[in-house]
Amino acid sequence: MFLQNQFERNFLTTSVDYVFNWARKSALWPLSFGLACCAMEMIASSTGRFDIARFGAEVFRPSPRQADLMIVAGTVTLKMGPVLRRLYDQMPDPKWVISMGACSSVGGPFNTYSVLQGVDKIVPVDVYVTGCPPRPENLFYGLLKLQEKIDQMTTLVKRPTEVRLHESMLEEFRRQVRIAQINQPSGELVTLA
Amino acid sequence: MLPETLQQHEAAAAIDRDLPGAVAGGHDRLGETTLEVDPARILEVCRYAKERLGFNRLSAITCVDWHPSQPRFEVVYHLHAIRGHRRLRLKCRVAENQPLESAIGVWRSADWYEREVFDMFGVEFRNHPNLSRILMPLDWDGHPLRKDYPIHGFKYSYKDE
């Protein structure tokens, strides 16, 4: 095949990935998703005093269709949970989630009947920010950590697999499965896909 | 029977005079007037308070759970007269599964208050147009602000980690 092995680590693919990651991490568009007092700190971080625009994440979008970062800022109630999941599903890929504050990370002080104990129960979280509520600097630290994480993304580069399976290895594996099935007393054959 | 401390109170005396037997008791402390009303006649008293005494605003309806004493619930109505800035508190004790008459015909703002009391305590209001849960999810089981509802959540009941 002509294209085989063309997408492993080489000058062209890593350069394209570098540009992609640079663009993605420098222009994160957060979904304005304030749920409780953490939202105040999130709003404060976008004001001139702290200025989240320095990190290129100042464009808070009210629509999940236009956002690629969800900052879950505040207590997530069980009633809000399905809404949050739906908003996450409506965001276009690639998308990231910052769990801001103790409440959204682990439920915070609210071990009560109505509060979801951690937003990671319903959406995958990239960065957890501690604090109750976190100061804007704390949120920026989480944002920088997320940018580091985005920098590691590989869009074009296919990472080489650790173990390359040879056809003879696969045949050996099938043979061992057959032997194991013969020794089973029940006699039920497990078909190998 | 109106206690002696309330005989001179204008609103309380008027209710007791025109609706005899509706007020079972009450007190006037710290500048706040409280009347204990017979639950069967709460609508009557509310209508009288609005139309004749000028309590044109319903400030709040809330509820107290006195579990395990009986009757269990105490529904509290906070009334406010904007003219003259007067306030009046009506209380009535109801047992579990004992419905109250809805005050929505008197004050339209009673709608959501009564839904909240129903949601949190399970007190039913008769003739309410839409008595459904307002705060909790619609399929929720139980009434969270009752005293016999579990205090703790489910933080330590996760098994998957």
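In this predicted model, A:Pro133 occupies the loop of chain A that runs between strand S4 (127–129) and helix H5 (136–151). The peptide bond leading into this proline, from A:Cys132 to A:Pro133, is cis, and its omega is near -10°. Chain B offers a second case, for a cis peptide bond also joins B:Gln70 and B:Pro71, with omega about -10°. B:Pro71 belongs to the loop that links strand S3 (57–65) with strand S4 (73–81) of chain B.

The elements on either side of A:Pro133 lead into the rest of chain A. Strand S4 takes part in an open sheet of four strands in chain A, ordered S1-S2-S3-S4, in which the pairing is parallel. Strand S1 (30–31) and S4 of chain A each have a single partner strand and stand at the edges, so one side of each has no neighbour in the sheet. At the S1 edge, two bridges connect S1(A) with S2(A), and the two strands run parallel. Within this pair, A:Pro30 has A:Leu69 of S2(A) as its bridge partner.

Helices lie against this sheet. H2(A) packs on the sheet and touches S2 and strand S3 (96–100) of chain A, with a direction that makes about 135° with that of S2(A). Helix H3 (residues 81–90) of chain A also packs on the sheet, where it touches S1, S2 and S3 of chain A; the direction of H3 makes about 165° with that of S2(A).

The loop between helix H2 (38–45) and strand S2 (69–73) of chain A contains A:Asp51. Although A:Asp51 is not a glycine, its phi is positive, at about 65°. Is this residue buried or exposed? A:Asp51 counts as partly exposed, because its relative accessibility is 27%.

A contrasting environment is that of A:Ser104, which is part of helix H4 (residues 101–106) of chain A. A:Ser104 counts as buried, because its relative accessibility is 1%, and the cut-off for buried is under 20%. Apart from neighbours within four places in sequence, the residues in contact with A:Ser104 are A:Val72, A:Gly74, A:Val76, A:Ser99, A:Gly118 and A:Val119.

Helix H5, which follows the loop of A:Pro133, also has a helical partner. Helix H1 (residues 11–26) of chain A packs with H5(A) at an angle of about 160°, and the two axes are 9 Å apart. Because of this angle, H1(A) is roughly antiparallel to H5(A), as angles over 145 degrees are classed in that way. The crossing of H1(A) past H5(A) is right-handed. On the side of H1(A), the contact is formed by A:Asn21, A:Arg24 and A:Lys25, and on the side of H5(A) by A:Gln147, A:Ile150 and A:Asp151. Sorted by class, the residues of this contact between H1(A) and H5(A) comprise one nonpolar, two polar and three charged.

Attention now turns to the strands of chain B. S1(B) and S2(B) pair in the antiparallel sense over six bridges, and B:Asp28 stands opposite B:Thr33 of S2(B). The two strands form a hairpin with two residues between them. One residue of note in the turn is B:Leu30, located in the loop between strand S1 (23–29) and strand S2 (32–37) of chain B. The phi of B:Leu30 is near 55°, a positive value in a residue other than glycine. B:Leu30 counts as exposed, because its relative accessible area is 83% and the cut-off for exposed is over 50%.

S2(B) pairs with a further strand as well. With strand S5 (residues 86–94) of chain B, S2(B) pairs in the parallel sense over three bridges. In this pairing, B:Glu36 stands opposite B:Lys91 of S5(B). S2(B) thus has an antiparallel pairing with S1(B) and a parallel pairing with S5(B).

Another leucine of chain B, B:Leu19, lies in the loop between helix H1 (10–18) and S1 of chain B. Is B:Leu19 buried or exposed? With a relative accessibility of 10%, B:Leu19 counts as buried. Leaving out neighbours within four places in sequence, the residues in contact with B:Leu19 are B:Arg41, B:Glu44, B:Val45 and B:Tyr48. Of these contacts, B:Val45 is 26 residues from B:Leu19 in sequence, while the C-alpha atoms of the two residues are 7.6 Å apart in space.

Methods
Residues numbered from 1 in each chain as written. Chains lettered and ligands numbered in written order. Predicted model: local features only at pLDDT ≥ 70, side-chain atom pairs only at ≥ 80, totals over all residues. Heavy atoms only, no water. Buried < 20%, exposed > 50% of the residue type's maximum accessible area, 1.4 Å probe, protein only. Contact = heavy atoms within 4.5 Å. Axes fitted to C-alpha atoms, helices over the stretch in contact; angles between N-to-C directions. Parallel < 35°, antiparallel > 145°, perpendicular 65-115°, else oblique. Left-handed = near helix turned anticlockwise from the far one by under 90°. Nonpolar A, V, L, I, M, F, W, Y, C, P; charged D, E, K, R; others polar. Pairing = 2+ DSSP bridges.
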